[in-house]
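Let's take a walk through this one together, from salt bridges to a few backbone oddities. Have the viewer open and follow along as residues come up.

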Amino acid sequence: MKIRTDEIASVISTEIEQYSAELEVSEVGRVIQVGDGIAQIYGLSKAMAGELLEFQTNKGAVMGQVFNLELDTVGAVVYGDYLQIREGDTVKSTGRLLDIPVGEELLGRVINPLGEPIDGGAPISTSERAKVDIIAPGIAARQPVTEPLQTGIKAIDSMIPVGRGQRELIIGDRKVGKTAISLDTIINQKQFWGTDEAVVCIYVAVGQKESTVAGVVETLREHGAMEYTVVVNAGASDPAPLQYIAPYAGCTIGEHFMWNGLKGKTPKHALLIYDDLSKQAVAYRQLSLLLRRPPGREAYPGDVFYLHSRLLERATKLSDENGGGSLTALPIIETQEGDVSAYIPTNVISITDGQIYLEPQLFFAGQRPAVNVGISVSRVGGNAQIKAMKQIAGSLRLDLAAYRELEAFAQLGTDLDKATQKQLDRGARMVELLKQPQYVPMDVIDQVISIFAGSNGHLDELDLKQVDMFERGLHEYMATVGKAVRDELAEKKAFDDGLKAKLNEAISAFKEQYKAGAGAAAAAEPVAAGA
């Protein structure tokens, strides 16, 4: 084989032309103190707030972020195993902010707040990364909230509606069904997946037990909801810095999909569940106190409001010029003994566009979901409802509030006049109608039919125990015999006089059929008992 010197010479000359001596300059400091996910570093005089740092340890690099800029030292939080870091270890400043991988590759996966998979699946490789802490879109980039985000829960979609781009707080004591509402909402988005209205769901678990999060993932998988869901988990055993950053990581993933509309792609709607922000506040308090930031009311640092406001302000409905995508946030806050006037609950109430308050007394009395309609509110209101729902549910909240007052009065044992008794009976049936089992979200047209039947007195003659069976039978009837009327309602999404008459007629026809069936069943009972 002959050696061709001209080829070798050309390769060498090309290499010489492309050679450039670049000196890599990076500022280096040393760890002077480390513990509890916090490190004090000396020597990083040019470090910037929020800058990403690289700790050089015996077992490889560990990432951290600048939090405090002091006279001689820098206070940093450690994202990773801080036990690997030793006093005297060198720290390099990277000159960049914290970012995580984003994209469709994350769908169906369980990840930690740094975007690393923790579900035992294959490694995630995405083509894009996005900054975790950014400024929210300005007023000019947004538009008013007008599209409903259907939760599939009758009590919420009728009285406390949530719109795409809204921030609706779910608040209540522990174990009253806060997570159940958010999971039902995620499961209800399955009907839109694969269409232009598709909604990507991101469930952020902060400070939960690993077994609880595993249960949530399993539930979503069972109902076929994991294909459009990302679960971000910073468990109770994870360090405080990861719990602090988790909601921002989830928000960043959601924003990637929200801006899809600008690229002409779908899905362009995202739903974020932060479960829960009171645990994030506790993690942030821990970091702040360790970094010697002065505590204020209830021992939280003064900027804990900014912690939640800069997160929730990122939820928005973008203007049509920006693609019309949306990011809807359902933050969860846990109260102690129903104290909604505590520091963190009042902070988040003042940031959000309404709250769904779940009351333990109602929960234990068997009303599920245990929504207290008195202090639950949606500041978007009817704008986030289809017209048909708006037409029939307008007076529902007032009727229920009046029923609660009458109920308290009736407990005194006073004789009631006919009109008051009728109002009590109607209210009791509406309360029964609004009960709904877990993980069974309902299509909005079925919800409208149910509430229409209740508010037009079709349930007044029924026994309370029959309401649930009657409703299920009615939905079956409207999907078969009354399909033409149901289809007309689904198409128009609004009532006119003709459609109201048709629906009343269909419900009355089913009621006659139901009564006949119930009578036959009652007549057959003694025979069965005798036999």
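Which residue forms a salt bridge with E488, and how many Å apart are the closest N and O atoms? The partner is K492, and the closest N and O atoms are 2.9 Å apart. Keep in mind that you're looking at a predicted model. Both K492 and E488 sit in helix 15, four residues apart, which is about one turn of that helix. K492 isn't hidden away: with a relative accessible area of 41%, K492 is partly exposed.

There's also a salt-bridge network to find elsewhere: E147, R164, E197 and K317 are joined into one network by salt bridges that share partners. Zoom in on one link of it, where E197 pairs with R164 and the closest N and O atoms are 2.7 Å apart. This pair ties together distant parts of the chain, 33 residues apart: E197 comes from the loop between helix 3 and strand 11 (199-206), and R164 from the loop between helix 2 (154-159) and strand 10 (169-172). The two ends have unlike surroundings, since E197 is partly exposed at 37% relative accessibility, while R164 is buried at 2%.

Another pair to click on is D119 and R109, whose side chains meet in a salt bridge at 2.8 Å, N to O. Here the partners are 10 residues apart, with D119 in the loop between strand 8 (110-111) and strand 9 (128-131) and R109 in the loop between strand 7 (99-102) and strand 8. Again the acid is partly exposed, D119 having a relative accessible area of 30%, and the arginine is buried, R109 having 13%. Search the whole structure and you'll get 27 salt bridges.

Now zoom out. The protein has 16 helices and 16 strands, and its C-alpha trace spans about 100 × 65 × 55 Å along the principal axes. Of the 531 residues, 51% are buried. Take the contacts between residues at least 6 apart in sequence, and 73% of them join residues at least 24 apart. As for the outside, the protein exposes about 24,900 Å², with carbon and sulfur atoms supplying 53% of that.

For a piece of that surface, go to helix 1 (residues 5-18), where you'll find I12. I12 is partly exposed, with a relative accessible area of 48%. Together with I8 and I16, I12 forms a nonpolar patch on the surface, and the three have about 290 Å² of accessible area together.

For a contrast, look at N188 in helix 3 (residues 178-188). At 5% relative accessibility, N188 counts as buried. What does its side chain reach at 2.9 Å? The side chain of N188 reaches the backbone oxygen of Q150. Leaving aside residues up to four places away in sequence, N188 touches Q150, T151, G152, P441 and M442.

What about the cysteines? A search of the whole structure finds zero disulfides. Take C201: the closest cysteine sulfur, in C251, is 14 Å away, so it is too far for a bond. Both of these residues are tucked inside, with C201 buried at 0% relative accessibility and C251 buried with a relative accessible area of 0%.

Finally, some backbone geometry. Most residues other than glycine have a negative phi, and most peptide bonds are trans. With that in mind, check the bond from D275 to D276, which is cis with omega near -5°. D276 lies in the loop between strand 13 (269-275) and helix 6 (277-290). A cis peptide bond also joins R368 and P369, with omega about -5°, and P369 is found in the loop between helix 9 (360-364) and strand 16 (377-378).

On the phi side, Y439 isn't a glycine, yet has a positive phi of about 60°. You'll find Y439 in the loop between helix 12 (418-433) and helix 13 (444-455), where Y439 is partly exposed at 27% relative accessibility. K493 is also not a glycine and has a positive phi, about 55°. K493 lies in the loop between helix 15 (483-492) and helix 16 (497-530), and is partly exposed with a relative accessible area of 39%.

Conventions
Residues numbered from 1 in each chain as written. Predicted model: local features only at pLDDT ≥ 70, side-chain atom pairs only at ≥ 80, totals over all residues. Heavy atoms only, no water. Helix = DSSP H or I, 4+ residues; strand = E, 2+ residues; numbered from the N terminus. Buried < 20%, exposed > 50% of the residue type's maximum accessible area, 1.4 Å probe, protein only. Polar contact = N/O pair within 3.5 Å; in protein donor to acceptor, adjacent residues only side chain to side chain. Contact = heavy atoms within 4.5 Å. Patch = residues over 30% accessible without salt bridge, like charges linked within 9 Å, V, L, I, M, F, W, Y side chains within 5 Å. Areas by Shrake-Rupley, 256 points an atom, 1.4 Å probe, with all protein chains shown as cover. Salt bridge = Lys/Arg side-chain N within 4 Å of Asp/Glu carboxyl O. Disulfide = S-S within 2.5 Å.
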